[in-house]
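User: Please take a close look at one part of this model and explain how it is put together. I am a first-year student, so define the terms as you go.

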Amino acid sequence: MGENLQVNAERFMGFASLYDGARPKCPEKVKEIIVKYIEDKPTVVVDIGCGTGLSTTIWSDISNKVIGIEPSDDMLKIAREKSLDLDNVKFISAFSDNTGLESSSVDIITSSQSFHWMNPETTLREASRILKAGGVFAVYDCDWPPVCNWEAEFEYNKLFKKVNEIESKYSDTNGKFVRWNKDNHLSNIEKSGHFRYVREIVFSNTETCNAKRFITIALSQGGLQSILKSNIEEIKSHLLQFKNRIYDIFGEKEFEIDFCYRMRIAVK
C-alpha cells in the first residue's frame, strides 16, 4: 500500500503551478463551521494533503501554528514559496498516515480535495492519535464542474466522459493509483470508531472566473494530466474542441462561479 500512496503523490507531479492558479481557495465558511465545533480559536491546525497550500494558509490569522503535510515535492515547493512571510505556517513532506507529529497535539485536521487519495483506515487512525480530545477532523471536497453555465458544464462533463473512457482503455495512464470513493468518506469516518460525532455539511462559495480559468480547472484534474503526460493522441481533438467551445460561450468576459462543497466533519 505504501508504494501505491507514493504513486498517488507522483500523479500530481509537473503541473503544480497550473493547479495553484486554477483551483478554488479555501472558503471562509470552512473556518466558520469548524471553529463552531471546537468552540474556541485553535492553537494548532494541520492540513493533510495540502497541495500548494490553498487550504492551509487561510488558518494563519487565527491559529498559533499551522502545518501543511504533503508528499508531492512539486506542490510543496509552491506552498513554501507562497508562505515565506507567514512565520506561523510550515510545510512538511510526509504522508497522511505517518505525520511524525506528537500525540494529542492538534486542535483541527483538515483535508481539502485530497482524502480520496489517502488510505482511510490508516489516515483516520493517525488523525485520532494526533488530535486532542474534542479536536475536529474535517474533510471537504467540491463538485466538478463549478456551477456557472449549463452549456459550459455540459462541455466539461463531455470532456471528462472521454477522459474516463481513455483511462479505462489505456491502463498505463492509471498506473498503480489507488483512489477511494468520495461517497464513502462519511461512512469510513463513522465506522472508524475514533470519533464521538460525525455529520455532513453542504455549502457553496462564489469566486470570479473567465474562460481561461475554466479551461485550466479542467486541466488541473489528475486524470486528464496523466493522459496528456502519456501523449495519447486520442484526447487532443477533444481537448481542443472543449477549449474552443468554452471561449465561444464566455468570450473574454469575467463571470461568477459557485463551487459546491461537501464537508464531512467529526469530533474526537
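Analyst: Over residues 46-138 the chain is 23% helix and 29% strand, and the C-alpha atoms at the two ends are 10 Å apart. Helices (H or I, at least four residues) and strands (E, at least two) are DSSP runs, numbered from the N terminus. UniProt lists residues 46-138 as "domain: Methyltransferase type" in an unreviewed entry; such annotations may be inferred rather than shown by experiment.

This is a predicted model, in which local features need pLDDT of at least 70 and side-chain atom pairs count only at pLDDT 80 or more, while totals for chains, interfaces and linings use all residues. Residues are numbered from 1 along each chain as its sequence is written, and side-chain values use heavy atoms, leaving out hydrogens and water.

Next, the packing. A nonpolar core is a set of buried Ala, Val, Leu, Ile, Met, Phe, Trp, Tyr and Cys residues joined through side-chain atoms within 4.5 Å. Buried means under 20% relative accessible area, exposed over 50%, and partly exposed in between (1.4 Å probe, protein chains only). The largest nonpolar core has 52 residues, and Ile34, Trp59, Phe242 and Met263 have the most contacts inside it. Strand 7 (residues 255-267) gives the most to this core, with 7 residues. Leaving aside residues up to four places away in sequence, Trp59 touches (heavy atoms within 4.5 Å) Val30, Lys31, Ile34, Val35, Pro42, Val45, Val66, Ile108 and Thr110. A second, separate core of 21 residues includes Val44, Phe115, Ile189 and Ala266. In soluble globular proteins, nonpolar side chains tend to be buried together.
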